Amino acid sequence: MGNNIRQTKKESNELLRDKEDFKSNRLMMLLVAATLFIVSLLLAKKNIINAEGIIIINALLYIQIAAGILFAAALVFFIIKKIKKHDEEDKYFKSSVLLGIAALILIIALLFKTILINGSVLFVIVAFLLYFLFCFYARDFFFYSVFTVLISIFMYLNSLYVSGGILKEIVKVSLRGISIVIPVLVIIGAFVLYRNGGYISFRNEKILFMKPSYKYYPFFITAVIAIASCILIMLVHTSLIYTLIVLFAFYLLNAIIYTVKMI
């Protein structure tokens, strides 16, 4: 019986190792694709005069249309796979990965006039890092990382000085409101989840959203930092760099804690 237990444990470890190797191979493939995309953009910027202007004037509209069609196709494919309940764990590019890639391309295409090539490169790098965290870190740290990225984006948008035109003023006020509302909702949501043991109720069913081992304090503290930072940025536009330093210092501290726990 002891031999059977050891054999079962050995097989379980081998399956876990194979699963981790598969994740690593998928991650390497995405890293190669992301690197090629980044290098292509940087080479275009370096070798073509006013490359960003040429893209915006001559190609951006067609790129946005193509990106929209690609996203719609990926979304339909993802929904079909979920409805049919296909097992895609052994697929390098499963439907959720394809949907994420299509969503990233669409976001970059829609925001290209604002973020340009450097911003596009940054978006790709951040997206890849988030996927890395999704694959190898605890889910609560991944959720916390996504929250930190969103807050950073809204802090940056709030720091931009926008003037002229009632539409721009409406956008500015809306961004400021969203920047406060999102952290408040996160605080409320995290508190409710904490009180309910990580479960959420849906159609008289309880669904486990946060495991008992997950940590809530990073969400609470980051949300408080975000609210204080957004208010400060509204008052002093040049304070963005200092608020980001505080935000990422706390994030780095948590990243070190989670990494040490994994070792």
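The legends below describe close-up views of a predicted model.

**View 1. The largest nonpolar core and its helices**. This core, a set of buried Ala, Val, Leu, Ile, Met, Phe, Trp, Tyr and Cys residues joined through side-chain atoms within 4.5 Å, has 27 residues, and those with the most contacts inside it are Leu133, Phe141 and Met155. Two or more residues each come from α3 (95-136), α4 (139-159), α5 (166-195), α6 (217-235) and α7 (240-262), the helices being DSSP runs (H or I, at least four residues) numbered from the N terminus. Helix α7 gives the most, with 7 residues. Apart from this core lies another, of 10 residues, including Leu41, Ile108, Ile117 and Val121.

**View 2. Surroundings of Phe141**. Leaving out residues up to four places away in sequence, Phe141 touches Leu133, Tyr251, Asn254, Ala255 and Tyr258, where contact means heavy atoms within 4.5 Å.

**View 3. Ser229 in helix α6**. Ser229 has a relative accessible area of 5% and is therefore buried (under 20%; exposed is over 50%, partly exposed in between; 1.4 Å probe, protein chains only). Beyond its neighbours within four places in sequence, Ser229 is in contact with Met155 and Thr243.

**View 4. The kink in α3**. Although α3 has 42 residues, its end C-alpha atoms are only 19 Å apart, short of the 62 Å that a straight helix would reach at 1.5 Å a residue, the expected span being 1.5 Å times one less than the number of residues. A kink of about 115 degrees is centred on Ile115, the bend being the angle between axes fitted to the seven residues ending there and the seven starting there.

Residues are numbered from 1 along each chain as its sequence is written, and side-chain values use heavy atoms, with hydrogens and water left out. Local features need pLDDT of at least 70 and side-chain atom pairs count only at pLDDT 80 or more, whereas totals for chains, interfaces and linings use all residues.
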